[in-house]
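Trainee: Could we go through this structure together, and could you show me how each term is justified?

Mentor: Gladly; have a look first, and then we can take the terms one by one.

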Amino acid sequence: MSTYAVGALRIGVDVVDKIVTLEQKETVRLDTDRLNGLYRQLGDKNALDVLCRTVEELAVRLSNCERFWRQRDWAGLRKCARSLVAIAEQIGMTALARVAGDVAQSVDAGDAVATGATLSRLIRVGEKSLTVIWDQQDLSL
């Protein structure tokens with residue numbers, strides 16, 4: 001322990017030898033029954049078109065959520081997160097829908113710290129979900 005004198009006050013400070021970096025890894029779940037139903041209902045070409053547009057829209061909305069957070073636009077963030085729930089559920093992105101709902105709930109609770117944490121998780125889950133569906137459906141341009 002190191003000791004520093006501040007005026008007549010002595011303050012003890014612990015020195016940390018090692019800093020551990022936590023790596024955030026998210027597991028995502030896709031509802032393959034929902035995706036298969038989409039392909040059966042629309043046919044391969046139309047379902048692929050819908051998925052491409054939906055993936056693009058999800059990416060835009062994730063970005064918008066982050067922008068609303070930086071601007072402290074709570075109403076905009078809540079609305080954007082709720083729209084992510086609806087869109088993600090339509091194509092079977094269950095984890096993304098759940099976490100987006102958590103963001104909306106934390107906004108409703110007025111808890112900025114929880115909102116920041118759940119939004120960070122939403123971004124991680126969103127990026128992972130988009131990558132998984134992109135790779136799984138071979139949505140190459």
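Mentor: Keep in mind that this is a predicted model. Helix 2 passes helix 3 in a left-handed crossing, and the residues of this contact divide into 12 nonpolar, four polar and two charged.

Trainee: What makes helix 2 roughly antiparallel to helix 3?

Mentor: Helix 2, residues 44-71, and helix 3, residues 74-90, pack at an angle of about 160 degrees, with their axes 9 Å apart. Angles over 145 degrees count as roughly antiparallel, and therefore helix 2 is described as roughly antiparallel to helix 3.

Trainee: Why is the pairing of K45 and D49 called a salt bridge?

Mentor: The term asks for a side-chain nitrogen of Lys or Arg within 4 Å of a carboxyl oxygen of Asp or Glu. The side chains of K45 and D49 meet with N to O at 3.3 Å, so the pair fits that cut-off. K45 and D49 are four residues apart in helix 2, which means that about one helical turn separates them.

Trainee: How do you know whether K45 and D49 are buried or exposed?

Mentor: Exposed means over 50% relative accessible area and buried means under 20%, with partly exposed in between. K45 has 61%, so K45 is exposed, whereas D49 has 30% and is therefore partly exposed.

Trainee: Which parts does the salt bridge of D108 and R78 tie together?

Mentor: The side chains of D108 and R78 meet at 2.5 Å, N to O. Because D108 lies in helix 4 and R78 in helix 3, the pair ties together parts that are 30 residues apart in sequence.

Notes. Residues are numbered from 1 along each chain as its sequence is written. This is a predicted model: local features need pLDDT of at least 70, side-chain atom pairs count only at pLDDT 80 or more; totals for chains, interfaces and linings use all residues. Side-chain values use heavy atoms; hydrogens and water are left out. Axes are lines fitted to C-alpha atoms, for helices over the stretch in contact, and angles run from 0 to 180 degrees between N-to-C directions. Helices (H or I, at least four residues) and strands (E, at least two) are DSSP runs, numbered from the N terminus. Angles under 35 degrees count as roughly parallel, over 145 as roughly antiparallel, 65 to 115 as roughly perpendicular and the rest as oblique. A crossing is left-handed if the near helix is turned anticlockwise from the far one by less than a right angle, and right-handed if clockwise. Ala, Val, Leu, Ile, Met, Phe, Trp, Tyr, Cys and Pro count as nonpolar, Asp, Glu, Lys and Arg as charged, and the others, Gly among them, as polar. Buried means under 20% relative accessible area, exposed over 50%, partly exposed in between (1.4 Å probe, protein chains only).
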